Every structure is written in C-alpha cells, then in structure tokens.
Amino acid sequence: MKWQLFPAPFDRSHIGVPREAALRIGARLMCGIAGIIALDGREIEREHLVALSHALAHRGPDDSGIFHALAAGLTHRRLSIVDASPAGHGPMTNEDHTLWITFNGEVYNYREMMPDLVRRGHRFRSVCDTEV
C-alpha cells in the first residue's frame, strides 16, 4: 500500500519550547490527528500509523495513541486542554466499541449535552468533549 503524509502549513518555531513560552510567542498549539483507510479492504500496516504518529509528535506532547483495525487506522497526538487525565486518551471509542474517533477541536456545549446523552443510555469514562 502506498501512502503519503501531507502536513498542513504549520509554524514550527515553538518546537522544543515549553508550552507557556510557546503561547507567549503566539504559537498555535493543537492536537495532531491522522488516519488511513484502505478502500480496497486490504489490511493496513501498523508501522504506517506509527510513522504518522511520529511525524505529528510536535503537535501533541502530552500523549499519543493508535487505533488499528484491518483496513482502517487512526492516530492521535494529544495536547491536553479540557480533560488532562488519562481518561482523555485518544483515539477514543464509545461504550460498546462500535465507533472510534480522533478529534482536534473543541465542543463548547459538551457539558450541557452530557446529561441528555446519559439519559439515553450512554456511559462516559471521561469528562472530555471528544467523548461527548
């Protein structure tokens, strides 16, 4: 399987600088996410996901994770902002492991959404907006 990584334009001047100092110089810090889907159904190699993760290491200094299924995979480099606990580890799955997500962004009303989802039977392992 052939694949390429197409990184978005990114200011790398903050690499190796503590987070607080990077923010002071105006660096835009964010998680790094990537995925591979083999549309022909062939199994993807875990090493490709590991390579993607390494390429994004500067984006998420706090944690990293990989989800690998036969023909799909996700990688996540975490910059902990909302839930800094290990429960916010990504990629994340739902309670019955039928859905997986890797996410970079913020769901602003996730706290308001949680009670309704709990009433509908969802169980949460974190207080992370991604899981909601």
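This report describes the fold, the nonpolar core, one aromatic pair and one buried serine of the protein chain.

**Overall organisation**

The structure is a predicted model. The protein chain contains three helices and five strands. Read from the N terminus, these elements follow the order α-β-α-β-β-β-β-α. Of the 132 residues in the protein chain, 34% are buried. Among contacts with a separation of 6 or more, 56% are made by residues 24 or more positions apart.

**The sheet**

Strands of a sheet pair through backbone hydrogen bonds, and the pairing may be parallel or antiparallel. Here, three strands form an open sheet in the order β1-β3-β2, and their pairing is antiparallel. Strands β1 and β2 (63-68) lie at the edges, each pairing on one side only. On average, neighbouring strands of this sheet are turned by 5° against each other, direction ignored. Helix α2 packs on the sheet and touches β1, β2 and β3. The direction of α2 makes about 155° with that of β2.

Strand β1 covers residues 32-37, and strand β3 covers residues 72-78. Six bridges join β1 and β3 in the antiparallel sense. Within this pairing, Ile-33 stands opposite His-76 in β3, while Ala-34 stands opposite Thr-75 in β3.

Which residues of β1 lie on its covered face, and which on its uncovered one? The covered face consists of Gly-32, Ala-34 and Ile-36. Ile-33, Gly-35 and Ile-37 form the uncovered face.

**The nonpolar core**

In soluble globular proteins, nonpolar side chains tend to be buried together. The largest nonpolar core of this model has seven residues, namely Ala-34, Ile-36, Ala-38, Ile-44, Leu-49, Leu-52 and Leu-56. At least two residues of this core come from β1, and at least two from α2 (46-55). Two core residues, Ala-34 and Ile-36, also belong to the covered face of β1. Another core member is Leu-56. Apart from its neighbours within four places in sequence, Leu-56 is in contact with Gly-32, Ile-33, Ala-34 and Arg-77.

**The aromatic pair**

A pair of aromatic rings is described by the distance of the centres and the angle of the planes. The count for this model is one aromatic pair. The rings of Phe-67 and Trp-100 have centres 4.1 Å apart and planes at 20°; because planes under 30 degrees apart count as stacked, this pair is stacked. The pair links distant parts of the chain, since Phe-67 is in strand β2 and Trp-100 is in strand β5 (residues 100-101), 33 residues apart.

**Accessibility of selected residues**

The table gives the relative accessible area of both aromatic partners and of Ser-126.

| Residue | Relative accessible area | Class |
|---|---|---|
| Phe-67 | 18% | buried |
| Trp-100 | 34% | partly exposed |
| Ser-126 | 8% | buried |

Phe-67 has 18% relative accessibility and therefore counts as buried, as the limit is under 20%.

**The surroundings of Ser-126**

Ser-126 is found in the segment after α3 (110-119). What does the side chain of Ser-126 reach at 3.1 Å? At that distance lies the backbone nitrogen of Cys-128. The side chains of Ser-126 and Glu-131 are joined by a polar contact of 2.6 Å. Leaving aside neighbours within four places in sequence, Ser-126 is in contact with Asp-83, Ala-87, Gly-88, Met-92, Met-114 and Glu-131.

Note on methods: Residues numbered from 1 in each chain as written. Predicted model: local features only at pLDDT ≥ 70, side-chain atom pairs only at ≥ 80, totals over all residues. Heavy atoms only, no water. Buried < 20%, exposed > 50% of the residue type's maximum accessible area, 1.4 Å probe, protein only. Helix = DSSP H or I, 4+ residues; strand = E, 2+ residues; numbered from the N terminus. Pairing = 2+ DSSP bridges. Core = buried A, V, L, I, M, F, W, Y, C linked by side-chain atoms within 4.5 Å. Contact = heavy atoms within 4.5 Å. Axes fitted to C-alpha atoms, helices over the stretch in contact; angles between N-to-C directions. Phe/Tyr/Trp six-rings, centres within 6.5 Å; stacked < 30°, edge-to-face > 60°. Polar contact = N/O pair within 3.5 Å; in protein donor to acceptor, adjacent residues only side chain to side chain.
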